[in-house]
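Please load the structure into your viewer and keep a selection prompt at hand. The stops below are meant to be taken in order.

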Amino acid sequence: MFSTTFAYPEDLAGKGYVIATYYLEADPAVDIVAKAASFAVGQSVGTWLPVPGITPEMQERHTGRVVAIYDVPPLELAPDPPPAGRRSFFVQIAFPEVNFGSQIPMLLTTLLGNDVSTATQLKLVDLALSPSFVAGFGGPKFGIEGLRTALGIPRRPILLNMIKPCTGFGPEVGARFFAESARGGVDIIKDDELLGNTTFSPMLERVRAYTAAAEQVYQEIGHRAVYCPNITDRPERIVENAQRAQELGAGMVMINGVAAGLGMVQAVAEDPSVTIPILSHYAGTGTLTENPRAGISSPLLLGKLTRLAGADAGALGSVYSSYPLLRDKYLRIVHNQTMPLFDLKPTLPCVGGGIHPGNTPRIVEDVGLDVMLGVGGAIQGHPGGAAAGGRAMRQAIDAAVEGVPLAEKARKHPELQAALDLWA
């Protein structure tokens with residue numbers, strides 16, 4: 001048992017394993033060593049009963065291995081009487097890469113499938129990836145610098161507007177919304193995650209109408225906003241949606257990455273015919289992340305795995321909305337999107353939820369200039385209209401870059417002042 005189910009992480013380095021870290025709670029009477037070993041085997045080669053066909057070679061090559069068990073707090077002696085309540089543990093299990101290969105659906109099935117024969121309630125909090133595993137993924141085609149080059153924005157935060165209302169209007173009406181935001185200097189204008197390829201607003205008709213609006217505004221004021229359509233659809237249509245949107249002039253595409261599956265983000269990112277950046281949206285993340293004893297952590301899902309899938313920009317919630325992320329989770333998502341990870345390009349954080357000119361400098365202070373600000377209501381809901389809302393956001397971004405207090409900037413910019421009067 002010990003030769004195939006337990007190992008030092010040092011002994012597995014360079015041998016083709018990813019190491020998953022889980023949090024779990026257990027009754028004090030539970031044998032946590034046996035529980036961890038059962039899960040490691042059950043999620044790789046084992047079943048609840050020995051079966052014919054499992055050879056020593058198979059066990060050596062394909063069995064998951066327990067590499068660490070940490071109790072919190074770390075006890076050494078059995079207390080007398082036994083403690084009330086449950087004990088908490090972090091358990092690390094190494095899984096052979098050969099079991100799932102360079103793709104996310106089978107990776108997650110292995111890590112979180114939780115076979116009923118070895119079931120235990122646990123939460124996947126982190127994943128240590130090997131160079132060989134990461135090398136099997138293309139990752140972001142553009143990354144932060146490539147995205148900046150494509151947009152012609154070398155240094156400042158990038159401004160993105162998601163059109164509001166979220167849905168319920170046709171392409172012609174949406175094109176008017178688009179044009180008004182574009183006149184305010186917004187860099188990227190995207191569909192809300194709730195608007196897909198519908199009968200009342202077919203995605204390709206939106207691309208035609210919105211790119212025409214972008215050209216019209218460019219001829220008027222010399223600023224060209226990029227349209228980012230939501231291409232989320234049935235799986236067999238998503239890559240084709242990206243291809244067709246690109247052909248018709250979209251400069252970026254968005255996939256509801258959690259809802260559609262990060263495997264679909266990877267499929268679009270690794271398709272050689274798709275040569276525009278990809279934004280992955282986080283809609284549905286809470287169902288997977290918010291239970292403290294089950295699911296997956298948001299920094300891993302929206303940070304490392306979204307980046308691995310190939311998103312050039314990755315949406316995440318903020319600490320400023322009415323549904324705020326914990327600050328440490330917010331920052332760790334950004335870290336996982338941007339820290340060096342072998343040869344993988346970084347993903348640009350796209351922070352959204354309650355963003356307005358009044359908190360723009362704080363976001364820049366939090367995460368730096370390499371950020372995309374996802375703004376909806378503070379642009380469309382500006383008292384001067386969406387164009388004024390866009391200008392107010394651009395003025396707040398300029399103030400943050402220049403290190404100028406917002407109040408000082410607002411003295412010369414009435415759009416910013418009006419926004420601060422409402423939301424600061």
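Between which two elements does the loop that holds Ser-318 lie? Select Ser-318 and follow the backbone both ways: the loop runs between β11 (313-316) and α15 (327-338), where helices (H or I, at least four residues) and strands (E, at least two) are DSSP runs, numbered from the N terminus. Before going further, note that this is a predicted model, in which local features need pLDDT of at least 70 and side-chain atom pairs count only at pLDDT 80 or more, whereas totals for chains, interfaces and linings use all residues. Residues are numbered from 1 along each chain as its sequence is written, and side-chain values use heavy atoms, with hydrogens and water left out.

**Around Ser-318**

Ser-318 counts as buried because its relative accessibility is 1%; buried means under 20% relative accessible area, exposed over 50%, and partly exposed in between (1.4 Å probe, protein chains only). Now show the residues that Ser-318 touches, leaving out those up to four places away in sequence: Tyr-323, Pro-324, Leu-325, Tyr-330, Val-351, Gly-352, Gly-353 and Ile-355, a contact being heavy atoms within 4.5 Å. Within this group, pick out Gly-353, whose backbone oxygen lies 2.6 Å from a polar atom of the Ser-318 side chain. A distance label between the C-alpha atoms of Ser-318 and Gly-374, which are 56 residues apart along the chain, should read 9.9 Å.

**Salt bridges**

Next, turn to the charged side chains, for which a search of the whole structure finds 20 salt bridges, each defined as a side-chain nitrogen of Lys or Arg within 4 Å of a carboxyl oxygen of Asp or Glu.

Start from α15 again by selecting Arg-327 together with Asp-366, a salt bridge whose closest N and O atoms are 3.1 Å apart. Asp-366 lies in helix α16 (residues 360-367) and Arg-327 in helix α15, so the pair ties together parts that are 39 residues apart in sequence. Asp-366, at 19% relative accessibility, counts as buried, while Arg-327, at 44%, counts as partly exposed. Salt bridges with shared partners also join Glu-25, Arg-86 and Arg-293 into one network, which can be selected as a group.

Then select Glu-180 and Arg-183, whose salt bridge has its closest N and O atoms 3.6 Å apart. Why are these two separated by about one helical turn? They are three residues apart in helix α8 (residues 171-183). Glu-180 is partly exposed, with a relative accessible area of 30%, and Arg-183 is partly exposed as well, at 27%.

Move on to Asp-191 and Arg-206, which form a salt bridge with closest N and O atoms 2.9 Å apart. This pair links distant parts of the chain, with Asp-191 in the loop between β6 (188-190) and α9 (203-221) and Arg-206 in helix α9, 15 residues apart. Are Asp-191 and Arg-206 buried or exposed? Both are buried.

**Thr-306 in its helix**

Select Thr-306, which is placed in helix α14 (residues 298-309) and counts as buried at 3% relative accessibility. With neighbours within four places in sequence set aside, Thr-306 is in contact with Leu-262, Ser-280, Leu-301, Ala-311 and Gly-314.

**Last stop: Tyr-70**

Finally, select Tyr-70 in strand β2 (residues 65-72), which counts as partly exposed at 47% relative accessibility.

Terms used: A polar contact is a pair of N or O atoms within 3.5 Å; within protein, one must be able to donate a hydrogen and the other to accept it, and residues adjacent in sequence count only if both atoms are side-chain atoms.
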